[in-house]
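Work through the exercises below with the sequence and the model side by side, and try each task before reading its solution.

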Amino acid sequence: MRKIVINGGKTLKGEVAVSGAKNSVVALIPAIILADDAVTLDGVPAISDVDSLVEIIELMGGSVKRDGDTLEIDPRGVKDMPMPFGKINSLRASYYFYGSLLGRYGQATVGLPGGCDLGPRPIDLHLKAFEAMGASVSYEKDAMRIATKNSRIKGAHIYMDTVSVGATINTMLAAAKADGRTVIENAAREPEIIDVATLLNNMGAHIRGAGTDVITIEGVTRLHGTRHQVIPDRIEAGSYIALAAAIGQGVRVTNVLYEHLESFIAKLEEMGVRMTVEEDAVFVEGQDHLKAVDIKTAPYPGFATDLQQPITPLLLKASGRGKIIDTIYEKRINHVPEMARMGASIQALGGQIVYKGPNQLLGASVKATDLRAGAALVIAGLMAQGRTEITNIEFILRGYSNIIEKLTALGADIQLIED
């Protein structure tokens, strides 16, 4: 068993660079299956989800070369084959293979997706879109089969009942090579959707409106190779900015796109965090007095659900009472009892998180229950007095590239230990 051990209370200082976006790259890699030539991605984060996706591509017959943060994928050898094997079930983003395989072959047999347990995350919107495009859905043991009568899926007019990043991207993937035009209404607007659309357009797709709530895709018959730079990870950036505000004495977070973090930074300013937003970085000063605030998550450009857990340790440092309401994932509260174990005045009540501060956290043995809860525990452990041991760290390694090395360079006393 591996665990992260932190001796907390060390002041952090220096510079930390944000890696490429996890939530982009887990869709970009399956999207490459649609290409008829090799595609190169730059800025690929060193995370276990990427390792799993690379292994899946290779098992399907694709060729992958990796050099640092550059990934070259040649999908020409990818076969039309069932994929109900274990790696598919280990990560949520495996469902993007539905859209890419439908676009390439008109059919897909893929194991059911896994990932973090954040409450109900049905894929009915994905399936509704595929069915509108002429596909039928059936189940075979632990896998789902989605197939068209012909070898090419059809364009369609699709209205998303609720805003969904995954369903929006999956529909774009299927529609890129569809026969005819696809219109997605009530589409999600996240930066990761724009990133995927940019890759596809650079490959020769015809996609308009990404970043708005109406996306139009004119299907093409061929997509060529290209080179693409993955956007910076806004969730990693927000996590390090929150950490810098909680325990830093002058930390510059680089490779940051401010426009992707406006609602998050606005909330920090409401708390009284002193920082300077630069062209592609945020410099966070040491903090004296912070004010408790209320947070309510919302689809982009609102406050990201993925940032409500990483900001929680910083909230515990603030004076006063506040609450967090997550309107996206109601079960995103698993970090709360772990924070309470570290001495925090925090609890989940009636579908919301309530807290009172300021708190002096104490080191404890805690467990990461999902990716962003794990990030919150790392930040809390760095703030705490004494020794913190975090188990179940595979969740953390799924989404934070080189986190031990980055934090050590800032002055943290943190180790990954093989037990």
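The exercises that follow deal with a predicted model and go from the overall fold to aromatic pairs and then to cavities.

**Exercise 1. Work out how the radius of gyration of the protein compares with that of a compact globule of 419 residues.**

Step one is to find the expected value: with 419 residues, a compact globule would have a radius of gyration near 22 Å. Step two is to set the value of the protein, 21 Å, beside this expectation, and the two agree. Step three adds the extent of the C-alpha trace, which spans about 65 × 45 × 40 Å along its principal axes. As further background, the secondary structure comes to 14 helices and 23 strands, and buried residues make up 58% of the 419 residues.

**Exercise 2. Classify the aromatic pair of Tyr-95 and Tyr-96, and then that of Phe-264 and Phe-303.**

A pair of aromatic rings is described by the distance of the centres and the angle of the planes. For Tyr-95 and Tyr-96 the centres are 4.9 Å apart and the planes stand at 90 degrees; because an angle over 60 degrees counts as edge-to-face, this pair is edge-to-face. Both Tyr-95 and Tyr-96 are buried.

For Phe-264 and Phe-303 the distance is 5.8 Å centre to centre and the angle is 45 degrees, which makes the pair tilted. The next step is to locate the two rings: Phe-264 lies in helix 9 (residues 262–271), while Phe-303 lies in the loop between strand 17 (295–296) and helix 10 (308–317), so the pair ties together parts that are 39 residues apart in sequence. Phe-264 and Phe-303 are both buried as well.

**Exercise 3. Describe the lining of the largest cavity by its elements and by its residue classes.**

Begin with the search of the whole structure, which finds 3 cavities of 30 Å³ or more, and note that the largest cavity holds about 80 Å³ of space. Its lining includes Ser-239, Tyr-240, Ala-375 and Leu-407, and the elements that give two or more residues to this lining are helix 8 (234–247), helix 12 (371–383) and helix 14 (403–409). By class, the lining divides into 8 nonpolar residues, 1 polar and no charged.

**Exercise 4. Find which elements give two or more residues to the lining of the second largest cavity.**

The second largest cavity has a volume of about 50 Å³, and among its lining residues are Ile-324, Asp-326, Arg-332 and Ile-353. The elements asked for are strand 18 (320–325) and strand 20 (352–357). Sorting this lining by class gives 4 nonpolar, 3 polar and 3 charged residues.

How values were computed:
Residues are numbered from 1 along each chain as its sequence is written. This is a predicted model: local features need pLDDT of at least 70, side-chain atom pairs count only at pLDDT 80 or more; totals for chains, interfaces and linings use all residues. Side-chain values use heavy atoms; hydrogens and water are left out. Rings of Phe, Tyr and Trp (its six-membered ring) pair if their centres lie within 6.5 Å; planes under 30 degrees apart count as stacked, over 60 as edge-to-face and the rest as tilted. Buried means under 20% relative accessible area, exposed over 50%, partly exposed in between (1.4 Å probe, protein chains only). Helices (H or I, at least four residues) and strands (E, at least two) are DSSP runs, numbered from the N terminus. On a 1 Å grid over the protein atoms alone, a cavity is a set of points where a 1.4 Å probe fits but cannot get out, and a pocket is an open set with protein on both sides within 12 Å along at least five of seven lines; lining residues have an atom within 4 Å of a point. Grid points are joined across faces, edges and corners, and a volume is the space filled by probe spheres set on the points. Ala, Val, Leu, Ile, Met, Phe, Trp, Tyr, Cys and Pro count as nonpolar, Asp, Glu, Lys and Arg as charged, and the others, Gly among them, as polar. The radius of gyration is taken over C-alpha atoms; the globule rule is 2.2 Å times the number of residues to the power 0.38.
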